[in-house]
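Thanks for coming. I have one structure to go through today, and I will take it from the inside outwards. Here it is.

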Amino acid sequence: MSHQIPFRANLDDFLLSLARGDLLDAVGAHYASEARLYENDILVARDKRTVLRKLQPVLRRFAMVRGTFDELTCDRATGRVRFFCRIDGVDIDGRVVREEVFHAQVWSDGKVAEERQYRGDALARLFARNVAAPRRRGPLLVPSLPASASAVMAARALGA
C-alpha cells in the first residue's frame with residue numbers, strides 16, 4: 001500500500017500548483033522527461049522541455065492565473081487521472097480570461113507520462129461522444145487542502 005501514497009501526494013501537489021497558477025512548477029516537477037502532450041488529439045510536445053517551451057507565450061501573456069477543478073477521478077492501479085479544469089486569468093492588458101480544459105493523464109513512476117487536453121469544439125465533441133460533462137456542483141479545489149486554506153485560491157502572479 002505504501003507505493004500508492006506517493007502517486008496521490010504527487011497528484012495533489014500537481015493540482016495545487018495548477019490551482020495557484022504556477023504552471024512552470026506543475027510541469028517542471030511533475031512531468032516525466034519524455035512526457036507527451038496532446039491538444040485535441042494532436043501531439044504538440046514529445047518531451048518536458050518542449051512542454052515548458054510551449055508555456056513561455058502563456059507566461060508572457062498572463063499577469064495572473066488560477067485553476068479550479070471538477071470531476072477529479074484517479075485510478076492508482078493504472079495511473080490514469082481525469083479532471084475538468086477552469087483556468088481563470090488576467091492578461092497583461094487587464095482582460096479577464098477563462099479557459100475550460102478537460103485533462104486525461106497517464107502517470108508512471110510518480111510523473112505525468114502522457115497528457116491529453118481537450119478544449120473548445122473538441123471539448124464539446126468529447127462530452128457529446130463519451131465523456132460525461134461536469135455536473136457543476138461547484139468547484140473542487142485541490143484534495144487534501146489544510147482546513148486553514150481559503151475556499152478559493154488567490155490568483156498568483158506567474159513566474160513569481
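Let me start with the largest nonpolar core, which has 21 residues. The members that touch the most other members are Phe14, Leu18, Tyr31, Phe69, Phe83 and Trp107. Which elements give two or more residues to this core? They are α1, residues 4-20, then α2, β1 at 31-39, α3 at 48-61, and β4. Helix α1 gives the most, with 6 residues. Apart from this core lies another one, of 6 residues, including Phe84, Tyr118, Ala122 and Leu126. As general background, nonpolar side chains tend to be buried together in soluble globular proteins.

I should say at this point that what you are looking at is a predicted model.

Now the overall layout. The chain has 160 residues, and buried residues make up 36% of them. Its secondary structure comes to 4 helices and 7 strands. Reading from the N terminus, the order of elements is α-α-β-β-α-β-β-β-β-α-β.

Back to α1, and to one of the core residues I named. Leu18 is in helix α1, and it counts as buried because its relative accessibility is 13%, against a cut-off of under 20%. Its C-alpha atom is separated by 5.7 Å from that of Gly67, and the two residues are 49 apart along the chain.

Asn10 is also a residue of helix α1. Is Asn10 buried or partly exposed? With a relative accessible area of 24%, Asn10 is partly exposed. Asn10 and Gly110 are 100 residues apart in sequence, and their C-alpha atoms are 6.4 Å apart in space.

After α1 we come to the loop between α1 and α2, where Gly21 is found. Gly21 has 2% relative accessibility and therefore counts as buried. The C-alpha atoms of Gly21 and Asp88 are 9.1 Å apart, with their positions 67 residues apart in sequence.

Next is helix α2, residues 23-30, whose buried residues are Leu23, Ala26, Val27 and His30. Where do these buried residues sit around the axis of α2? Seen down that axis, they fall within an arc of 100°, so they line one face of the helix.

Leu23 comes up again in the largest pocket. This pocket has a volume of about 620 Å³. It is lined by 29 residues, and the closest to its centre are Leu23, Leu55, Val58, Ile87 and Arg119. The elements that give two or more residues to the lining are α1, α2, β1, α3, β3 at 62-75, β4, β5 at 96-108 and β6 at 111-118. If you compare the two lists, α1, α2, β1, α3 and β4 each give two or more residues to the largest core and also to the lining of the largest pocket.

Strand β4, residues 80-91, contains Arg86. Is this arginine, Arg86, buried or exposed? Arg86 counts as buried, because its relative accessibility is 8%. What does the side chain of Arg86 contact? It is joined to the side chain of Asp70 by a polar contact of 2.6 Å.

A word on cysteines. Cys85 is at 2% relative accessibility, so it counts as buried. Cys74, at 28%, counts as partly exposed. How many disulfides are there, taking a pair of cysteine sulfur atoms within 2.5 Å as the rule? The count comes to 0 disulfides.

Last, two backbone angles. Asp41 has a phi near 70°, which is a positive value in a residue other than glycine. Asp41 lies in the loop between β1 and β2, the latter being residues 42-45. At 43% relative accessibility, Asp41 counts as partly exposed. The other case is Glu71, not a glycine either, with a positive phi of about 55°. Glu71 is found in strand β3, and its relative accessible area of 24% makes it partly exposed.

To recap: the largest nonpolar core has 21 residues, with α1 giving the most to it. The largest pocket is lined by 29 residues. Buried Arg86 has a side-chain polar contact with Asp70. That is what I have for today.

Terms used:
Residues numbered from 1 in each chain as written. Predicted model: local features only at pLDDT ≥ 70, side-chain atom pairs only at ≥ 80, totals over all residues. Heavy atoms only, no water. Buried < 20%, exposed > 50% of the residue type's maximum accessible area, 1.4 Å probe, protein only. Arc of directions from axis to C-beta. Polar contact = N/O pair within 3.5 Å; in protein donor to acceptor, adjacent residues only side chain to side chain. Disulfide = S-S within 2.5 Å. Core = buried A, V, L, I, M, F, W, Y, C linked by side-chain atoms within 4.5 Å. 1 Å grid on protein atoms, 1.4 Å probe; cavity = no way out; pocket = protein on both sides within 12 Å on 5 of 7 lines; lining within 4 Å. Points joined across faces, edges and corners; volume = space filled by probe spheres on them.
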